[in-house]
Amino acid sequence: MFKQLAFDKSTAIHLIINNKTVEVAKGTTVAAAVLSHGLPYTRTTAVSGAKRAPFCMMGVCFECLMVINGQPNQRGCSTYVEDGMTVEIQQGAVAYE
Ligand code: FES
C-alpha cells in the first residue's frame with residue numbers, strides 16, 4: 001500500500017523491524033518505515049487483541065505504539081529512525097520494567 005520514495009543510499013539508515021533489517025532514508029519516522037516495508041500493523045489491543053496501525057501520523061491517536069529499542073509504548077510516528085534501532089510490534093498491554 002505504501003511505497004518509499006527514491007533516496008540517496010549513501011545516507012541510508014539501517015534498522016531492524018521484527019528481526020528483519022531494512023534500509024530507509026534519514027529523517028524517516030518509525031511509523032513510515034514500518035508502513036513502507038509492508039508491516040500490516042504496529043500493535044494489538046490489550047483487551048481483544050485487535051490489530052492496530054498508525055492513523056494520525058502526528059502523535060495524537062497513539063495507534064502507532066511499538067516497542068522501540070526494547071522500550072514499549074513508544075509512538076512510531078513521533079520517533080525518527082536511527083542506525084541500529086530495533087523495532088517490534090507491541091502485543092497487548094506491555095508494562096515497563
Ligand atoms: S499515528 Fe497517531 S499517535 Fe502515532
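Strand E1 and strand E7 (residues 86-89) run side by side in the parallel sense, joined over two bridges, where strands count as paired if DSSP finds at least two bridges between them. Within this pair, Ile 17 has Val 87 of E7 as its bridge partner. The names used here follow DSSP runs numbered from the N terminus, with helices being H or I runs of at least four residues and strands being E runs of at least two. The structure is a predicted model, in which local features need pLDDT of at least 70 and side-chain atom pairs count only at pLDDT 80 or more, while totals for chains, interfaces and linings use all residues. Residue numbers start from 1 along each chain as its sequence is written.

Seen as a whole, the protein has one helix and seven strands, and from the N terminus on these elements follow the order β-β-α-β-β-β-β-β. The C-alpha trace spans about 45 × 30 × 20 Å along its principal axes. For 97 residues, a compact globule would have a radius of gyration near 13 Å, and the protein agrees with this because its own value is 13 Å; the radius is taken over C-alpha atoms, and the globule rule is 2.2 Å times the number of residues to the power 0.38.

The pair described at the start belongs to an open sheet of five strands, with mixed pairing and the order E2-E1-E7-E5-E6. E2 and strand E6 (71-75) stand at the edges of this sheet, and since each has a single partner strand, one side of each is left without a neighbour in the sheet. Neighbouring strands of the sheet are turned by 40° against each other on average, direction ignored, where the axes are lines fitted to C-alpha atoms, for helices over the stretch in contact, and angles run from 0 to 180 degrees between N-to-C directions.

It helps to look next at the two edge strands with their partners. Strand E1 (residues 13-17) pairs with strand E2 (residues 20-24) in the antiparallel sense over five bridges, and here Ile 13 stands opposite Val 24 in E2. The hairpin of E1 and E2 has two residues between the strands, and Asn 18 takes a positive phi near 50° in it. At the other edge, E5 and E6 pair in the antiparallel sense over three bridges, with Leu 65 opposite Arg 75 in E6 and with Gln 71 in E6 as the bridge partner of Ile 68. E5 and E6 likewise form a hairpin with two residues between them, and Asn 69 in its turn has a positive phi of about 50°.

The interior can now be considered. Of the 97 residues, 26% are buried, a residue being buried if 20 or more other C-beta atoms, placed from the backbone, lie within 10 Å of its own, exposed if 12 or fewer do, and partly exposed in between. In soluble globular proteins, nonpolar side chains tend to be buried together. The largest nonpolar core has 17 residues, and those with the most contacts inside it are Val 30, Ala 31, Ala 33, Val 34 and Val 87; such a core is a set of buried Ala, Val, Leu, Ile, Met, Phe, Trp, Tyr and Cys residues joined through C-beta atoms within 7 Å. The elements giving two or more residues to this core are E1, E2, helix H1 (30-36) and strand E5 (65-68), and H1 gives the most, with six residues.
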